[in-house]
Amino acid sequence: MLIDGFGRVATDLRVSLTDKCNLRCTYCMPAEGLDWLPKPQLLTDDEVVRLVRVGVELLGIQEVRYTGGEPLLRRGLVDIVRRTTALTPRPQVSLTTNGLGLAKLAAPLHEAGLDRVNVSLDTLDRDTFQKLSHRDRLADVLTGLTAAADAGLVPVKVNTVLMRGINDADAVPLLAYCLERGYELRFIEQMPLDAQHGWRRDDMITADEILDMLSPVYDLVPDGPSVRGSAPAETFVVDGGPARVGIIGSVTRPFCGACDRVRLTADGQIRNCLFAREESNLRDVMRAGISDAELADRWRAAVAGKRAGHGIDDPSFLQPARPMSAIGG
Ligand code: SAM
Ligand code: SF4
């Protein structure tokens with residue numbers, strides 16, 4: 001098991017397959033992009049699958065989520081998914097994506113065993129999309145969403161980050177859009193993880209504000225804590241159900257005490273938290289030839305030192321050196 005000093009057990013592995021992206025969401029990276037990791041530093045497909053296998057076979061990982069950067073840009077993605085779903089015990093395998101290219105890949109990914117997708121969509125307005133992501137690609141994202149549902153990657157989940165004065169008017173239209181199509185919408189509070197270090201607490205739309213925007217239009221009844229479990233989203237039954245909407249109050253309603261996650265970066269570093277300041281380099285020791293059992297020992301040690309919480313509200317909080325796109329969101 002991967003257990004930390006507070007008794008939390010990590011069973012959910014987030015794997016970043018690339019730090020590259022074809023969008024430039026302002027809360028994530030600057031318009032000019034970033035210096036991407038050089039190829040030799042990236043894990044190969046075989047290295048990714050080996051580490052995931054060690055997690056699943058030796059360390060109790062039950063869920064694997066591929067992310068990035070934009071994971072659909074990883075050429076070997078379908079094969080990596082196929083090899084992951086062939087592991088025993090079979091983990092749940094999902095993908096977090098901006099949806100660009102999903103129209104083509106949804107069916108092959110489903111065939112390879114992918115269970116679910118989360119598609120990020122922050123607005124339904126073409127101009128706002130362009131302003132927010134610096135690319136005119138809204139139509140492609142919407143086509144990707146439809147393709148995911150048609151391919152059976154259900155329930156399709158949609159992730160939205162709201163920003164004051166940019167897309168805060170989109171909360172109600174996005175929920176209406178998702179309810180109509182059977183997608184599960186989850187709003188995520190903006191976190192200080194952008195490469196530009198431009199996050200300001202006052203600009204963040206809080207979970208309370210999101211509820212205030214939705215409540216005049218929809219009847220929202222909170223699910224009990226048993227439904228939330230270690231899941232970060234607080235969920236609400238909409239208009240009597242069965243549809244639900246989620247709100248992830250990462251900053252104002254932190255869920256660190258129930259966290260069951262561990263992260264593997266595209267260059268083979270284990271991070272025990274999005275906001276961790278230290279990483280454990282499994283890539284280099286793997287390339288030096290250590291055994292699966294030794295990899296598992298190092299991974300356990302990396303998780304053992306996990307801090308109690310992200311401490312965003314602590315005056316001594318320091319944003320991690322790596323941005324979200326390089327950690328894997
Ligand atoms: N490119 C893929 C995508 O956008 O879904 C996967 C990687 S992205 C880093 C994963 C998720 O993190 C997205 O839903 C995105 O909206 C979210 N995200 C990125 N930067 C964030 C921030 N500063 N605060 C909160 N969520 C953020
Ligand atoms: Fe790319 Fe996802 Fe970051 Fe947007 S949030 S820039 S789609 S990695």
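The paragraphs below walk through a predicted model, beginning with its two ligands and moving outward to the contacts and backbone features of the protein.

Ligand 1 is a convenient place to start. Around this ligand stand 17 residues, of which Tyr27, Gly69, Glu70, Ser120 and Met191 come nearest. Sorted by character, the shell around ligand 1 is made up of 5 nonpolar, 10 polar and 2 charged residues. Several polar approaches can be followed atom by atom: a nitrogen atom of ligand 1 lies 2.9 Å from a polar backbone atom of glycine 69, and a nitrogen atom of the ligand is also found 2.8 Å from a backbone N or O atom of methionine 191. With asparagine 159 the approach is made by the side chain, one of whose polar atoms is 3.3 Å from an oxygen atom of ligand 1. On its own, ligand 1 has 550 Å² of accessible area, and the protein covers 95% of that area. Two elements, strand S3 (92–97) and strand S5 (157–161), each give two or more residues to the shell around this ligand.

The surroundings of ligand 2 can be read in a similar way. This ligand is surrounded by Cys21, Leu23, Cys25, Tyr27, Cys28, Met29, Gly69 and Asn98, and its shell divides into 6 nonpolar and 2 polar residues, with no charged residue. Tyr27 and Gly69, listed here around ligand 2, are also named among the residues that come nearest to ligand 1.

Strand S3, which contributes to the shell of ligand 1, also holds threonine 96. Threonine 96 has a relative accessible area of 13% and is therefore buried, since the cut-off for that class is under 20%. Its side chain makes a polar contact of 2.8 Å with the side chain of arginine 65. Ahead of this strand, in the loop between helix H2 (77–85) and S3, is proline 89, which is joined to threonine 88 by a cis peptide bond with omega of about -10°.

Aromatic rings offer another route through the fold. Which kind of geometry does the pair of phenylalanine 275 and phenylalanine 317 adopt? A search of the whole structure finds 2 aromatic pairs, and the one formed by phenylalanine 275 and phenylalanine 317 is edge-to-face, with 5.8 Å from centre to centre and 65° between the planes. Because phenylalanine 275 lies in the loop between strand S11 (269–271) and strand S12 (280–281), while phenylalanine 317 lies in the loop between helix H10 (292–304) and helix H11 (324–327), the pair ties together parts that are 42 residues apart in sequence. Phenylalanine 275 is buried, at 3% relative accessibility, whereas phenylalanine 317, at 21%, is partly exposed. Elsewhere, a ring is met by a charged side chain: arginine 181 lies over the face of tyrosine 177, at 3.7 Å from the ring centre.

The loop between H10 and H11 also contains glycine 309, a residue that is partly exposed with a relative accessible area of 30%. The C-alpha atom of glycine 309 is 7.1 Å from that of glycine 257, although the two glycines are 52 residues apart along the chain. A second pair of residues shows a comparable link, for cysteine 256 and histidine 310 are 54 residues apart in sequence and 7.2 Å apart in space, C-alpha to C-alpha. Cysteine 256 belongs to the loop between strand S9 (244–248) and strand S10 (261–264) and is buried, at 17% relative accessibility.

The loop between strand S8 (234–238) and S9 deserves a separate look, with attention to its backbone. Proline 242 has its place in this loop, and a cis peptide bond with omega of about 5° joins proline 242 to glycine 241. Aspartate 239 is found in the loop between S8 and S9 as well; its phi is near 45°, a positive value in a residue other than glycine, and its relative accessibility of 46% makes this aspartate partly exposed. Histidine 134 likewise has a positive phi, of about 60°, although it is not a glycine. Histidine 134 is located in the loop between helix H4 (126–133) and helix H5 (138–151), where it counts as partly exposed at 32% relative accessibility.

Conventions:
Residues numbered from 1 in each chain as written. Chains lettered and ligands numbered in written order. Predicted model: local features only at pLDDT ≥ 70, side-chain atom pairs only at ≥ 80, totals over all residues. Heavy atoms only, no water. Phe/Tyr/Trp six-rings, centres within 6.5 Å; stacked < 30°, edge-to-face > 60°. Helix = DSSP H or I, 4+ residues; strand = E, 2+ residues; numbered from the N terminus. Buried < 20%, exposed > 50% of the residue type's maximum accessible area, 1.4 Å probe, protein only. Lys NZ or Arg CZ within 6 Å of the ring centre and 35° of its normal. Near = heavy atom within 4 Å. Polar contact = N/O pair within 3.5 Å; in protein donor to acceptor, adjacent residues only side chain to side chain. Areas by Shrake-Rupley, 256 points an atom, 1.4 Å probe, with all protein chains shown as cover. Nonpolar A, V, L, I, M, F, W, Y, C, P; charged D, E, K, R; others polar.
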